Amino acid sequence: MHFQWDWLCLGVLIISSVTVGMENKENLDADVEVENFDKQSQEADVDRDKSSLEVVYQTPKPTGEVYFTETFDEGLSGWVFSVTLKEDTDDNVAKYDGRWEVEELKENALPGDRGLVLKSVAKYHAISSMLTKAFVFEDKPLIVQYEVNFQKGIDCGGAYIKLLSSSNDLNLEYFFDKTPYTIMFGPDKCGEDYKLHFIFRHKNPKTGEYDEKHAVRPDVDLKKFYLDKKTHLYTLVLKPDDTFEILIDQTVVSKGSLLENMIPPVNPSKEIEDPTDKKPDDWDERPKIPDPNAVKPDDWDEDEPARIEDPDAVKPEGWLDDEPQYVPDPNAKKPKDWDEEMDGEWEAPQIRNAKCETAPGCGEWVRPMKNNPKYKGKWRAPMIDNPNYQGVWSPRKIPNPDYFEDLHPFKMTAVSAIGLELWSMTSDIYFDNFIICSEKEVADRWAADSWGLKKLVASANEPGMFSQLVTAAEEHPWLWVLYVLTLALPIGLSVLFCWPGKKSDEYIDFKKPDVSKQITKGELKEETEDLEDYELEEEKENEDTDEDERREIEGTKREFKKDNTKKMGREAPVSEVDGEGREDIYDDEEENEIPDGSQGDWSNKSDSEDEKKEADEGMGDRPLKSVRKRRVRKD
């Protein structure tokens, strides 16, 4: 049983491991390294065991040098609405007239915490604000961080921000899609294309023109962050060593180098293909050619068809050659508004011929087709290696006249403003708690005092485990199979290893206790008399048997009786004498079977005279055992 319980525990552990692995995959959607909050975030005045109603929110304050912060708790002070028109768009939709409001979250709100909300659908929105001080890309990292909540999910639209390039003619009232920016960062989605933008505009040192450089797409499934209706924290970290990190909820989802992980690359190739080079007319790019020495075999007939009529086919009996497969519907009637001059002569619609339903077929019988065994198709010479093969032609390389090398693309154009220029088919997109700084500790503390509280409230208000499992199964129906297996397998293993099975007769006989029954001498005498009566009855029954069989049976009986007497004297200990002066003796039941042909074997079991004497003398101090004699019959 111990072995069985070991297997049961092993099975349960395996199922638990698989379930935990699947739940982790659904919850994380990526194999990423999670960064814990800084120790400062754990010092926030929030008790993690309290509900959202007991969380006290205070407007976060930056703890170090910052270039911009915004909580929207005091409204839109310092923000400017755009009044210009979008270029290359119809005038009726080109205006940036999308509505912005400052509101609390619809779900899991913190009392007193408000954010910027995009309210309009299918309209252009543009709003911007100047930084507290411009950020110059020199020797300090740039950290941009803010919160987004798609309160209604997202169908098609963006929630990204732009860091506007510093210039003397920057006017926030005319902020639009063509306003020069240095960095664009944030989520964007349309259809099933989930994006997390990180784009920076790089200045070509030779031409002075700006090109957009896009970071490679993260290897993380971003769908959850766009559809779970929770507040998520987006962070971009740019370092002076020309590396970057992108985080969601303080989890790194993408990182790389500005020199190696941007599309197109910052630095162009040293060589390019010569646009004036052309492939020679005699250039042979064919790796294989038909064998010019191959000859078509004489018996190759290209005129044989691929399929022919089956000559062995026989028309089925009962085939109705004269009956058409379809006949006019006899119940159809010409519509009353049918105009033969306009619509032509009316004809009843065709229906299947009822006579054909019970017959093998109707109409003219045609032999079925079969594959032609003589068909070989058009003959083609086998292919051989081309002795003149020259490889795939490509233009020659020449030095790139536009080549340059920028070893430090981190040194971008300085930024002096932040703006949101968006279009969306979904309303109620929530933005909050913007911060631009250079120290990660400052950004983490800011997140702990703002987004950290939202996360705690949302976690406290989440449904129970059962509700989450049901919700997950509604999104992924295949999870129901996993749930059933997770519950059924442990139960099945428990029944298999723990349910008592039916014991065999041999097992019962083996376990039957050998209990001795106490009997007195008087009872032994009565049993002996019964045995003698049985012998007399048996003698009467066997009167008709022949003399030889009678002698064999009598000899067997005598030997049996001697053996019983010997065993009673040698094995039975004397019991205590009862009040009537009788000695109790124990009886040990013993069954003795005599197989066929073994009547004469009893002679070798007789005891010596000394053993008989010892048996007689031991009757006083040893208990007696009575032996129940089975009826001995010749098979």
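Is His 214 buried, partly exposed or exposed? In this predicted model, His 214 counts as partly exposed, because its relative accessibility is 30% and partly exposed covers the range between under 20% and over 50%. The points below begin with the surroundings of His 214, and then turn to charged pairs, nonpolar groups, an enclosed helix and some backbone details.

**His 214 and its surroundings**

- His 214 is found in strand β11, which covers residues 210-215, and its side chain makes a polar contact of 3.5 Å with the side chain of Glu 212.
- When neighbours within four places in sequence are left aside, the residues in contact with His 214 are Phe 198, Ile 199, Asn 261, Met 262 and Ile 263.
- Met 262 shows how the fold brings parts of the chain together, since it is 48 residues from His 214 in sequence, while their C-alpha atoms are 5.3 Å apart in space.

**Salt bridges**

- Side chains of opposite charge can pair when their charged atoms come close, and a search of the whole structure finds 29 salt bridges.
- Glu 65 forms one of these with Lys 133, with 2.6 Å between the closest N and O atoms; the pair links distant parts of the chain, because Glu 65 lies in the loop between α1 (2-28) and β1 (66-70) and Lys 133 in strand β5 (residues 123-135), 68 residues apart.
- Glu 65 counts as partly exposed at 31% relative accessibility, and Lys 133 likewise counts as partly exposed, at 35%.
- Lys 86 pairs with Asp 177 in a salt bridge whose closest N and O atoms are 3.1 Å apart, and because Lys 86 lies in the loop between β2 (79-81) and α2 (91-94) while Asp 177 lies in the loop between β8 (161-165) and β9 (181-190), the pair ties together parts that are 91 residues apart in sequence.
- Lys 86 is buried, because its relative accessible area is 16% and the cut-off for buried is under 20%.
- Lys 334 and Glu 340 form a further salt bridge, with their closest N and O atoms 3.5 Å apart; Lys 334 is partly exposed, with a relative accessible area of 40%, and Glu 340 is partly exposed at 44%.
- Salt bridges that share partners also join Glu 103, Lys 106, Lys 119, Lys 152 and Asp 428 into one network.

**Nonpolar cores and a surface patch**

- In soluble globular proteins, nonpolar side chains tend to be buried together.
- The largest nonpolar core here has 64 residues, of which Ile 183, Phe 198, Leu 238 and Phe 431 touch the most other members.
- Leu 238, leaving aside its neighbours within four places in sequence, is in contact with residues including Phe 137, Ile 183, Phe 198, Phe 244, Leu 258 and Met 412.
- Another core, of 10 residues, lies apart from the largest one, and among its members are Ile 143, Leu 247, Val 252 and Cys 437.
- On the surface, Val 121, Trp 423 and Met 425 form a nonpolar patch, with about 240 Å² of accessible area together; Trp 423 has its place in strand β24 (residues 415-424) and counts as partly exposed, at 32% relative accessibility.

**An enclosed helix**

- Helix α5 (residues 440-449) is largely enclosed by the rest of the structure, because eight of its 10 residues are buried.
- Among the buried residues of α5 are Val 442, Asp 444, Arg 445 and Trp 446, and the buried residues of this helix pack against β1, β6 (142-150), β12 (232-238), β25 (429-437) and α6 (451-460).

**Backbone details**

- Most residues other than glycine have a negative phi, and most peptide bonds are trans.
- The peptide bond from Ile 263 to Pro 264 is cis, with omega near -10°, and Pro 264 has its place in the loop between β15 (262-263) and β16 (271-273).
- Phe 72, found in the loop between β1 and β2, has a positive phi near 65°, and at 0% relative accessibility this residue counts as buried.
- Ala 122 has a positive phi near 55°; it lies in the loop between β4 (115-118) and β5 and is partly exposed, with a relative accessible area of 38%.

Notes. Residues numbered from 1 in each chain as written. Predicted model: local features only at pLDDT ≥ 70, side-chain atom pairs only at ≥ 80, totals over all residues. Heavy atoms only, no water. Salt bridge = Lys/Arg side-chain N within 4 Å of Asp/Glu carboxyl O. Helix = DSSP H or I, 4+ residues; strand = E, 2+ residues; numbered from the N terminus. Buried < 20%, exposed > 50% of the residue type's maximum accessible area, 1.4 Å probe, protein only. Contact = heavy atoms within 4.5 Å. Polar contact = N/O pair within 3.5 Å; in protein donor to acceptor, adjacent residues only side chain to side chain. Core = buried A, V, L, I, M, F, W, Y, C linked by side-chain atoms within 4.5 Å. Patch = residues over 30% accessible without salt bridge, like charges linked within 9 Å, V, L, I, M, F, W, Y side chains within 5 Å. Areas by Shrake-Rupley, 256 points an atom, 1.4 Å probe, with all protein chains shown as cover.
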